[in-house]
Amino acid sequence: MRPLLVIGSLILLTGVLSAGEKKLMHCFAFTTVKEATPADWKAFQAATDALPKKMPGVVSRVWHGKLRSALGQFSVDDATGTRLRAGEKNVPGTTNREVREYGVCMEMADAAALKTYEAHPAHQEWVKVYSKVRVEGSTTYDIIGQ
């Protein structure tokens with residue numbers, strides 16, 4: 001009976017300790033470079049798959065691939081953007097739409113891991129490979145775990 005109490009206590013304690021952890025899911029969608037070669041894509045996939053082994057704080061598997069549904073990312077010219085950020089509504093201006101068809105998501109240990117990731121030399125090397133398959137700019141968001 002006593003071993004069961006010890007095991008049960010350890011399970012409960014583990015649940016309490018892990019409840020304070022706030023993992024982070026870092027995701028981004030991007031527009032592809034039309035001229036990217038199969039070799040460029042293969043290098044991107046290999047470099048992305050290797051991130052958890054090279055980057056402290058990137059845990060588990062990194063997901064990457066074509067989005068089930070493309071995302072439209074709209075941007076406006078600088079003058080229009082300034083007016084919209086100031087709170088004006090229905091501002092006429094020049095707009096542009098980028099179609100994001102591919103994406104990457106990676107689970108990180110916590111928000112601090114994202115800061116480490118951004119400055120890490122392995123990330124800088126990965127960006128060189130990533131830049132061969134994507135147009136500059138991405139739609140990026142982070143989800144904080146419960």
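## Salt bridges, core and a helix pair

Glu107 and Lys23 pair up in a salt bridge, with their closest N and O atoms 3.6 Å apart. Glu107 sits in strand β3 and Lys23 in the loop between α1 (2-19) and β1, so this pair ties together parts that are 84 residues apart in sequence. Keep in mind that this is a predicted model. A search of the whole structure turns up 4 salt bridges, and a nonpolar core and a helix pair are also worth a look.

**Salt bridges**

- Both partners of the Glu107 bridge are partly exposed: Glu107 has a relative accessible area of 23%, and Lys23 has one of 35%.
- Glu125 and Lys128 also meet through their side chains in a salt bridge, at 3.1 Å from N to O.
- Those two sit 3 residues apart in helix α5, so about one helical turn separates Glu125 from Lys128.
- Glu125 is partly exposed, at 48% relative accessible area.
- Arg134 bridges to Glu136, and here the closest N and O atoms are 3.9 Å apart.
- Buried or exposed, what are Arg134 and Glu136? Arg134 is buried, with a relative accessible area of 12%, whereas Glu136 is exposed, at 69%.

**The largest nonpolar core**

- This core has 20 residues, and the ones touching the most other members are Phe28, Phe30, Phe44, Met106, Met108 and Tyr117.
- Which elements each supply at least two residues of the core? They are the strands β1 (24-32), β2 (58-76) and β3 (95-108), plus the helices α2 (38-54), α4 (111-119) and α5 (121-130).
- Take Phe28 as an example: leaving out residues up to four places away in sequence, Phe28 touches Tyr102, Gly103, Val104, Met106, Tyr117, Trp126, Tyr130, Ser138, Thr139 and Thr140.
- Two of those partners, Met106 and Tyr117, are also on the list of core residues that touch the most other members.

**How α4 meets α5**

- α4 and α5 pack at an angle of about 60 degrees, and their axes are 5 Å apart.
- That angle falls outside the 65 to 115 degrees counted as roughly perpendicular, and α4 and α5 are therefore oblique to each other.
- On the α4 side, the contact involves Tyr117, Glu118 and Ala119; on the α5 side, Pro121, His123, Gln124 and Trp126.
- Sorted by class, the residues in this contact are 4 nonpolar, 2 polar and 1 charged.
- Tyr117 and Trp126, both part of the α4 and α5 contact, are also touched by Phe28.

Note on methods:
Residues are numbered from 1 along each chain as its sequence is written. This is a predicted model: local features need pLDDT of at least 70, side-chain atom pairs count only at pLDDT 80 or more; totals for chains, interfaces and linings use all residues. Side-chain values use heavy atoms; hydrogens and water are left out. A nonpolar core is a set of buried Ala, Val, Leu, Ile, Met, Phe, Trp, Tyr and Cys residues joined through side-chain atoms within 4.5 Å. Buried means under 20% relative accessible area, exposed over 50%, partly exposed in between (1.4 Å probe, protein chains only). Helices (H or I, at least four residues) and strands (E, at least two) are DSSP runs, numbered from the N terminus. Contact means heavy atoms within 4.5 Å. Axes are lines fitted to C-alpha atoms, for helices over the stretch in contact, and angles run from 0 to 180 degrees between N-to-C directions. Angles under 35 degrees count as roughly parallel, over 145 as roughly antiparallel, 65 to 115 as roughly perpendicular and the rest as oblique. Ala, Val, Leu, Ile, Met, Phe, Trp, Tyr, Cys and Pro count as nonpolar, Asp, Glu, Lys and Arg as charged, and the others, Gly among them, as polar.
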